[in-house]
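Please take a moment with the sequence and the structure below before reading on. The paragraphs that follow go from the overall form to the strands and then to a few details of the backbone.

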Amino acid sequence: MNQKSIIGSNIKIAKENLEKGSLVAIPTETVYGLAANAFDIKAVAKIFEAKNRPTFDPLIVHTDSIDKIKSWTTDFPSWAEELGKHFWAGALTLLLPRKPIIPDLVTSGLPHVAVRIPNHSLTLELLKSLDFPLAAPSANPFGYISPTTANHVFEQLGEKVSYILDGGSCQIGVESTIIGEENGQLTVFRKGGIAIEELEKVVGKLIVKEHSNSNPHSDKKELTKVASSGMLLSHYAPKIKMRLGNIEQMLKENISNNEIGILSFNKTYNQIPTQHQFVLSEKGDFSEAAQNLFSHMRELDKLNIKIILAELLPEKELGRAINDRLRRAAY
Ligand code: TXA
Ligand code: MG
């Protein structure tokens, strides 16, 4: 397939394809999404097929207005009003009780639907022009690294999408924070692009769900028990083995330096070839680190190396979401 023919920034082409029930990759401020008409079950089924994603892993529904969200949910509680007002359009997904207009396939039969208003001008314009919302997971094969450029999407899903709407590199670079109510308490189901500290300023203390303890690969049924695939122990993962720890210490172990790739927060290491080293942010900035995270992981995954050594960031603000992705990538 000719790459140029399917990558472009023409909203009209994106809209026509979506209206036909085809898949279109869309840019958002977090990562690129693989979108289909959320009301069209056949179109939504194509998403699961293209990603090789289990159908018991539900999808986020994207739109451009709170009023539209209210028309497909049975309740829009005051916490949702507050969070929506402060953080939408933005990297926040809310779990809300759905009306039957949202198909079971989108929510995997769960009583709640995940909704988000993404903050990207091209995609907002597209969403505004459509008379249906877009179901869209990240546009990567299930379990692999999320895409943050149109080219990333093409590299992995190429022939499976009808059009890739090119909105440049994603501004945030990690997925949205997911919040819902569990046992009457506001709970974070996935750490993401909006820091928990910011959310707590608006709605007070939040419960933070960490991943389940058992290895999902040893028992696939485990997946049905976790609310969010982003909670799986292994996810967002490169193909080359990744190890997390103190890089200086790990370098003292007996591995040939030529076979090592480095993913560091802000430092480089003399003994390792420069082209094998990827620094998330030389100035130690969390936002810049998040923007670079997935593309650096992809670049490392293309190298002729045996192992990627990586380190965690300070466990605060956006560092928490980045660490969460690193831990799963290294599992
Ligand atoms: O930033 C994002 O959220 C990106 C962009 C494209 O919007 N989307 C994204 O989608 O990360 P995905 O499918 O890769 O991750 C969505 C997560 C999954 O872990 C899924 O299990 C969870 O949201 N989820 C979706 N609907 C849910 C529901 N009804 N209840 C609980 N979890 C849900
Ligand atoms: Mg994903």
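What is shown here is a predicted model, and a useful way into it is to ask how its chain is folded back on itself. Among the contacts between residues at least 6 apart in sequence, 65% join residues that are at least 24 apart. The secondary structure of the protein consists of 13 helices and 15 strands. Its radius of gyration is 19 Å, close to the 20 Å that the globule rule gives for 331 residues, so the protein is as compact as a globular protein of that length. Taken along the principal axes, the box filled by the C-alpha atoms is roughly 60 × 50 × 40 Å.

The surface and the interior can be described in the same general terms. Of the 331 residues, 56% are buried, while the protein exposes about 14,300 Å², of which carbon and sulfur atoms supply 48%. The protein carries 38 positive and 38 negative charges, and the mean positions of these two sets are 3 Å apart.

Turning to the strands, the reader can trace an open sheet of 11 strands with mixed pairing, in the order β1-β8-β2-β3-β7-β4-β6-β5-β9-β10-β11. Its edge strands are β1 (7-8) and β11 (207-208), each of which pairs on one side only. Within this sheet, β2 (residues 24-26) runs parallel to β8 (residues 163-165), to which it is joined by two bridges, and V24 stands opposite Y163 of β8.

Strand β5 (residues 92-97) shows how both senses of pairing occur in the sheet, for it runs parallel to β9 (residues 177-182), with three bridges between them, and antiparallel to β6 (residues 112-116), with four bridges. On the β9 side, L94 stands opposite I179, whereas on the β6 side L96 stands opposite V113.

Where does strand β13 (residues 260-264) lie with respect to the rest of the structure? Five of its five residues are buried, so β13 is largely enclosed by the rest of the structure. This cover extends to both faces of β13, with I260, I262 and S264 buried on one side and G261 and L263 buried on the other. Strand β13 pairs in the parallel sense with β15 (residues 307-310) over four bridges, and in that pairing the bridge partner of L263 is A310. Three bridges also join β13 to β14 (residues 277-279), again in a parallel run, with S264 standing opposite V279.

A few places in the backbone deserve a closer look. Most residues other than glycine have a negative phi, and most peptide bonds are trans. Against that background, the bond joining W88 and A89 is a cis peptide bond, with omega at about -5°; A89 lies in the loop between α5 (78-87) and β5.

Two further residues are notable for phi. S108, which is not a glycine, has a positive phi of about 55° and is found in the loop between α6 (104-107) and β6. With a relative accessibility of 24%, S108 counts as partly exposed. E317 likewise has a positive phi, near 45°, in a residue other than glycine, and it sits in the loop between β15 and α13 (318-330). At 40% relative accessibility, E317 also counts as partly exposed.

Definitions and conventions
Residues are numbered from 1 along each chain as its sequence is written. Chains are lettered from A and ligands numbered from 1 in the order in which they are written. This is a predicted model: local features need pLDDT of at least 70, side-chain atom pairs count only at pLDDT 80 or more; totals for chains, interfaces and linings use all residues. Side-chain values use heavy atoms; hydrogens and water are left out. The radius of gyration is taken over C-alpha atoms; the globule rule is 2.2 Å times the number of residues to the power 0.38. Buried means under 20% relative accessible area, exposed over 50%, partly exposed in between (1.4 Å probe, protein chains only). Contact means heavy atoms within 4.5 Å. Accessible areas come from the Shrake-Rupley method with a 1.4 Å probe; for residues, only the protein chains shown count as cover. Lys and Arg count as positive and Asp and Glu as negative; His and the chain ends are not counted. The place of a charge is taken as NZ of Lys, CZ of Arg, CG of Asp or CD of Glu. Two strands pair if DSSP finds at least two bridges between them.
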